[in-house]
Structures are given as structure tokens and as C-alpha cells.
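Please open the structure in your viewer and keep the selection panel at hand. The tour below goes from stop to stop, saying what to select and what is found there.

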Amino acid sequence: MGCTPQALVESAIREGRRKLLEHESLCLCEYYGIPVAKYGLARSSTEAVEIAKKIGFPVVMKVVSPDTLHKSDVGGVALGVRTFEEVQEKYTSIIRGVMLRAPGARVHGVLVQEMLPRGLEVIVGATRDPYFGPVVMLGIGGVFVEVLKDVSFRVAPLTLVDAEEMVKELKGYRLFKGFRGEGPRDEAAVVDVVLRVSELITELDEVAEVDLNPVIVFEERHGAKVADARFMLRG
Amino acid sequence: MAEHLRRLFYPRAVAVVGASRDPSKIGHIVLKNILSGGYPGRVYPINSNAGEILGLKAYPRVSSVPEQVDVVIVAVPAQKVLDVMEDAGSSGAEYLVVLSSGFKEVGRADLERKLVEEARRHGMRVLGPNIFGYVYTPAKLNASFGPSNVLPGGVAFISQSGALGIALMGYSIVEGVGVSGVVSMGNKADIDDADVLEFFREDPNTKVIIAYVEGVADGRRFLEAASSVSLRKPLVVIKAGRTEVGAKAAASHTGSLSSGPMLWEGVLEQAGALQAKDVETAFDYAKLFSAYNVPPGPNVVVITNGGGAGVQATDTLAENEVYLKEPPADYVSYLREFLPEFASTRNPVDITGGAPDEFYYLALRGALEHPEIHAVLVLYCQTMTTNPLKTAEAMVRAIEEVGCGKPVVAGFVGSEEVQKAISYLLGKGVPAYPTPERAAQALAALYRYAALRRVVEKRAEYLRAARGERARLGYAESFVRRSPRGPP
């Protein structure tokens, strides 16, 4: 698999990075059994097509570069890509765009990723508190996380009952129960992700912070999948 | 650890260093409080100049006292504390209670560290520094410069803030809340919240603990101690301030949100502690838990003489996830026997505005005797034709006659006469409040505590099981089995 936590940490340190790259982050999630959107790292447009073929359309494409903070600002993101031609085209335009707008940026390739259907968006995160040590967070996710501040925390390691309580504690808990004609959400899948993140932060001393945001929660028994993962290593 | 604190709370002999004849000095006030509190052990004022203070022979040093002293209270300027510590340590004292300020809080962390290190070397533990002292009513010990007329009771109060702690001692007297102990934590250089929590957890005289916490040095130990308390008795926490606000340059949403108050909310939930947003709520809960802490069955009946009070209470209960059901049919027919036509026998039971105390007596008595009613909230709005004290007396009569121990909480609204009725009820051990909302919120806390405790119990079970599994498999701390899958 090539993505044992140790290997990932070592290569990040070697390259002077504090942040894991997109595909590394997703791979680390998988190592801990956290379900993620299907993905692959393409280093050429041909590879991009191969990966898209395996995943199925539509796909999302994102530049993988340790030097670009805001990918969409440098034209590094393409959403809803639906054909092989488009995959090739986007690959080229993403690489060219980044080279133009962020000259000198290191580019590892382009992440080709399953575009997840819509669902309830949550954030599952972890950090190290100076007084409590590793802690895990669950919240209503997406881009408004820090505005809504609808989150719950627990000190790791968590038990099943802690994770269950975290879900119920959210002000937006009713969103899990289904609304606007949609069925109830897969609460158990969220609980599982929370427990696995707890395990990860408890075991991996090198990891300082985790943001899985958004984690898309599907209807009951359909699970949840991480769309975007960020891992910060200890400085 | 907790066992060690026993001699702090039950000392055989106490010395007050810095005891003074000057009534404005802290050393004088503390000595006076110890004496007027009726402490039965020996008390030794320590002062090199005075021959006698408050009728007691003064000694120049702790080491010149003719017997071993368990607790040494220190009320001298910071720069003299180390000398006192050396002397006390060499004479075999177990606890140094350092009231003096001038340590970490003013940037002298070095002095504080030295104090603790040296004290430990002598086998002593330190409470403080920078505190107003402590009180433990079962030992009749008031070693504080707070109020002297503390009411004995079942509430233990731990405060990181000195001024607030003293003020709350006063508040508890006014509110009629009896305390078992009051401990000023100050800088927590050595003895911290977890130590004191563990003592009060084991203390049969303490029914509920209120802790005012600004921050803790060892979060995990606090969580562990607080959880272990919740399994035994309610812990109410007033959490002030925030952890590390803005001090952390967070690179993630999680990191940034964890420096707000949300992390502490999670910690308190995890510990099974009730969070009180303010002092008033904390004491409202404490009043309730002084009387009851066993989770009752789910059926609450509200008895009221005013519709509005009933609605307010119903809403407050519902906001706290306690939902009223229709009263049992036979209770309704029982009520119908004496209530006027226009009374409502739904829940809340509205026994009408002119309800004489006899209606209260009968309605409450019937509810307490009914096996399917588990708790009763009695509301009273003062009217021209009714008497608050008589109503309160009628309640107490019903409670004493039935003697079932079911929770009864009162919300009495009105003038000074109502205040008297509330004091009367509190004196009889019935939690009573001046508004229907506060009464309802307090009753709801009983259910909340039960729910929190269930979660902590479950958590403890899981942790035990996980430890067992780990021991068996030689595993890292793990609650889910890893199932690695390769990338697609």
C-alpha cells in the first residue's frame, strides 16, 4: 500500500512538509479503516483517464502540490468532470494553470476523485490540547464550520458511548433524522468514523491535527465517506 | 491520594503562622474563625512577638509547639513562607495551607516551585498558595478568612477564585444552603482539583460538589477524578473563561474550535458533570441534590394554583427534556372529589387560584401515595386569599405523613411572606425556589444527572473491557479493529 503512517511521516519530514498531501491523507484514512471517496493520483493525462475509468463518472480533479494553499485560486480544481476527453483536457489545464499562476510550485500530480452524491456534511477532527492531550471533534461540517460552531468534543481515547453522545449533542442532530422527505442518515457510520479518528490520534504521536471535512453522510445503511482530509504533523 | 487529605480535613492540631492581635490582620481573622467555629482540636498561634493571642499562648515557631501539628496555616508575606515551610517540615507537619499571595500569580513561579519541592521533600503537601483557606463543617473547622457563620450541610464547594469563593460562602448562608466543605484552590501549586474531588467523593458528609474552575494543569487527571465523582454523587461545575484563547495558531478548523469553550463542554459531558452557566444555577442544583440524588421514575406531576406558573414550568421542563404526561386516571378522579368544577386535572394540575392550603395538602398527598407518580413539582403564586406559609406547612405535612422519599420541589412566587415560606421549606429539607422556572430547572437536573451517570457508567464498562482486551492481545489502546484497504 506504500502508505503506512511511518512512511508518510518520513516522506513529509524529508520534504520539509508539516502537512500531508491529499492522496497521502486519504491513504492514511484508509489505513485506519475510514471510508473515503475513491481516488487515485495521476502523473499524466493518460493516468488520469485510467483512474477515472476505474472510479466512474463524474469525478473531481485537484492539483496535488505542497506549495499551493488555495487550489481553486490557481485554477487547480475541476468539479463534475464527466468524460474521458474532459479528464484529459482538465489535467492539462490544471497543470498549466498552476505553472502560470504559481510558478515554481512543486506539483506531485492531479488527484482524480469520485464525486460524491449529496448528503449531510459533517466534520470529524482531532487535535492535541495542551491540557487534555488528544481530543476528537464532531460537528456540522462544510465551509461554515467555524461560523456555526455546532461541534462536540471528547478526550481520546473514546468509547462507543462517547461517540454516540457526541452525535446526539449536536444542535443540528435533527438533520440526522432526515428532513425534506429524505430518509434518516447513517448515524452508525459517523460514530464509526469518530472512533477511528480517536484511535488514529491516540496511536500516531506525530499527527498534530486532523480535519476530515466534509465527511458526507448518506442515508441509513449507506455509510459515510470522507471527501477531503487534512493532516497536520507536529512542528 | 484522597486518604492522605484526611488529616487536612480532620487535623488533630492546627497552627496559625502569622496569627496576630490586630483584628484587621488575616492571621487574626483565621484564628478567630477557627476558635468561633468550635474546632475541638488544639490550636496554636505562631507569632514571635506576642505572648498571647485571643486567649491562647503564642509560640515563636511551629517547631517550638510542644506537640506535632498536622496542619500549618500560613499567613505571612511570601518571602517568609519558605522559612516557615522549613520549620514546619522539620517539626513533622503534614499540610501547609498557604494563604499568602505573591507567587505564580505575580510572576514568582520560581518561588512557588521551590516551596512545593521543599515541602514535598519534608513529606508535606501544600494547599494554595494565594487562597482564603478552607472549611470543613463535619470537623467544625473554619480555617478561612471568610464568613464565620457557615451553615453545616451536604454541599462541598471548591473554588479557584478567592474573592468569588468568599462571596459564595456568604451567598450560601443567605440562601440557606448548608455546606460540608469550602476549599479555596488558589494557584493549585500542589494539591489540585482532582485531589480535593477525590476526598469529597469518598466523604459521606458530602452529597453534592460545586466546583468553580478556571483551568486545570492536568486535564486528564481532572477528567478521571470528575468521572469517578459522577458515579457516586453529582458534580456541578461552573467553568469560567476559556482554554488558550487565541494563544494557539491553529492550522485546522478542529484546532481553532478547540481553543474555545466547546472543548470544556465536551470534557464536562464526558465526566458526567452538570455544567452550570452561573452561580445561581449551581446553588439551585446544590439545594436539590442536598435533598435528593436518586433518579426517580419518569412521571412528574405539577401542582399549581396559577395557569401561567404551570406553563412556565412545563416549558422549562421540556427544554430540559423532561416531558409531562397526563396524570393517572384514578389520581384524576381522586382530585375531582375535592376540587371545584373549573379546576384542571390535566398536567399541570391547576387547583385554582383560590386554592386553600388543604387543596395543596390533598393534591400532594394523593400524588405521593400514587405508585405511578414519581416526582412532584408544587407551584404557588401568592394571592390575597391564600397564605404562603400555611401552604408550605400543608406541603410538609403531606410529605412527612406519606414519608415515601419521592422528590418534591417547590416554586413559590410572591412577596416577603413567600420568602419566609421558602426558608421554612428549605429548613424542612424541601428544595424551594422563588420562581417556577428555577424550580423546574432544578428538578430537571435530577433527571439530567441520572442520564449523565448512565453514560459515565457505560463508558467505564467499555474502558474496563478495552483494558482487558489490550492485556489479552498485547494491543495498543484500541476500540475499533483496523481494516486496511488499499487505494482503488
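Which residue of S12(B) does Ala156(B) stand opposite? Select Ala156(B) together with strand S12 of chain B, and the residue facing Ala156(B) turns out to be Ile209(B). Bear in mind throughout that this is a predicted model.

**The sheet around S10**

Keep strand S10 (152-159) of chain B selected, and colour its neighbours on either side. On one side, S10(B) runs parallel to S12(B), and 5 bridges join the two; S10(B) is also joined to S11(B), again in parallel, by 6 bridges. To find one of the contacts with S11(B), select Pro152(B), whose bridge partner there is Val179(B). Of the 8 residues of S10(B), 7 are buried, so this strand is largely enclosed by the rest of the structure.

Now widen the selection to the whole sheet, which is open, has mixed pairing and contains 7 strands of chain B in the order S9-S8-S11-S10-S12-S13-S14. Its edges are strand S9 (141-144) and strand S14 (274-275) of chain B; each has a single partner strand, so one side of each is left without a neighbour in the sheet. As a reminder of what holds such an arrangement together, strands of a sheet pair through backbone hydrogen bonds, either parallel or antiparallel.

From S12 (residues 208-213) of chain B, step to S13 (residues 235-239) of chain B, with which S12 pairs in the parallel sense over 5 bridges. Here Ile210(B) is the residue to pick, since it stands opposite Val236(B) in S13(B).

**Helices lying on the strands**

Next, show helix H5 (residues 162-175) of chain B, which lies across S10, S11 and S12 of chain B and runs at about 165° to S11(B). Following the chain from S10(B) through H5(B) to S11(B), you trace a right-handed β-α-β unit. Then show helix H2 (residues 26-36) of chain B, which lies across strand S8 (133-136) and S9 of chain B, running at about 175° to S9(B).

**Chain B as a whole**

Zoom out until chain B is in view. Chain B has 16 helices and 19 strands, and its C-alpha atoms fill a box of roughly 80 × 80 × 40 Å along the principal axes. Of its 488 residues, 51% count as buried. Among contacts in chain B between residues at least 6 apart in sequence, 73% join residues at least 24 apart.

Colour the two assigned domains separately: domain 1 of chain B covers 6-288 and domain 2 covers 296-445. Their C-alpha centres lie 39 Å apart, and where the domains touch, 6 residues of domain 1 are in contact with 9 residues of domain 2. On the domain 1 side, helix H10 (residues 279-291) of chain B gives the largest share, 4 residues. By class, that side has 3 nonpolar, 1 polar and 2 charged residues.

**Where chain B touches chain A**

Bring chain A back into view, and look at the contact between the chains, which takes 37 residues from chain B and 50 residues from chain A. The elements that give two or more residues to the chain B side are helix H7 (219-230), helix H8 (253-258), helix H9 (262-271) and helix H16 (436-473) of chain B. That side of chain B has 16 nonpolar, 13 polar and 8 charged residues.

Within helix H16 of chain B, select Tyr462(B). Leaving aside its neighbours within four places in sequence, Tyr462(B) is in contact with Thr159(A), Leu160(A) and Val161(A). Tyr462(B) counts as partly exposed, with 17 C-beta neighbours inside 10 Å. If you also select Ala442(B), you will find it 20 residues away from Tyr462(B) in sequence and 31 Å away in space, C-alpha to C-alpha.

**Backbone details**

For the last stops, switch to a view that shows the backbone. Most residues other than glycine have a negative phi, and most peptide bonds are trans.

- Asn213(A) and Pro214(A) are joined by a cis peptide bond with omega about 0°, and Pro214(A) is found in strand S8 (residues 207-217) of chain A.
- Asn347(B) and Pro348(B) are also joined by a cis peptide bond, with omega about 5°; Pro348(B) sits in the loop between helix H12 (329-336) and strand S16 (349-350) of chain B.
- Leu54(B), although not a glycine, has a positive phi of about 50°, and its place is in the loop between strand S3 (52-53) and strand S4 (56-57) of chain B.

How values were computed:
Residues numbered from 1 in each chain as written. Chains lettered and ligands numbered in written order. Predicted model: local features only at pLDDT ≥ 70, side-chain atom pairs only at ≥ 80, totals over all residues. Domains from an automatic or database assignment. Contact = placed C-beta atoms within 7 Å. Nonpolar A, V, L, I, M, F, W, Y, C, P; charged D, E, K, R; others polar. Pairing = 2+ DSSP bridges. Axes fitted to C-alpha atoms, helices over the stretch in contact; angles between N-to-C directions. Buried ≥ 20, exposed ≤ 12 C-beta atoms within 10 Å, placed from the backbone. Right-handed = clockwise from strand over helix to strand, strands pointing away.
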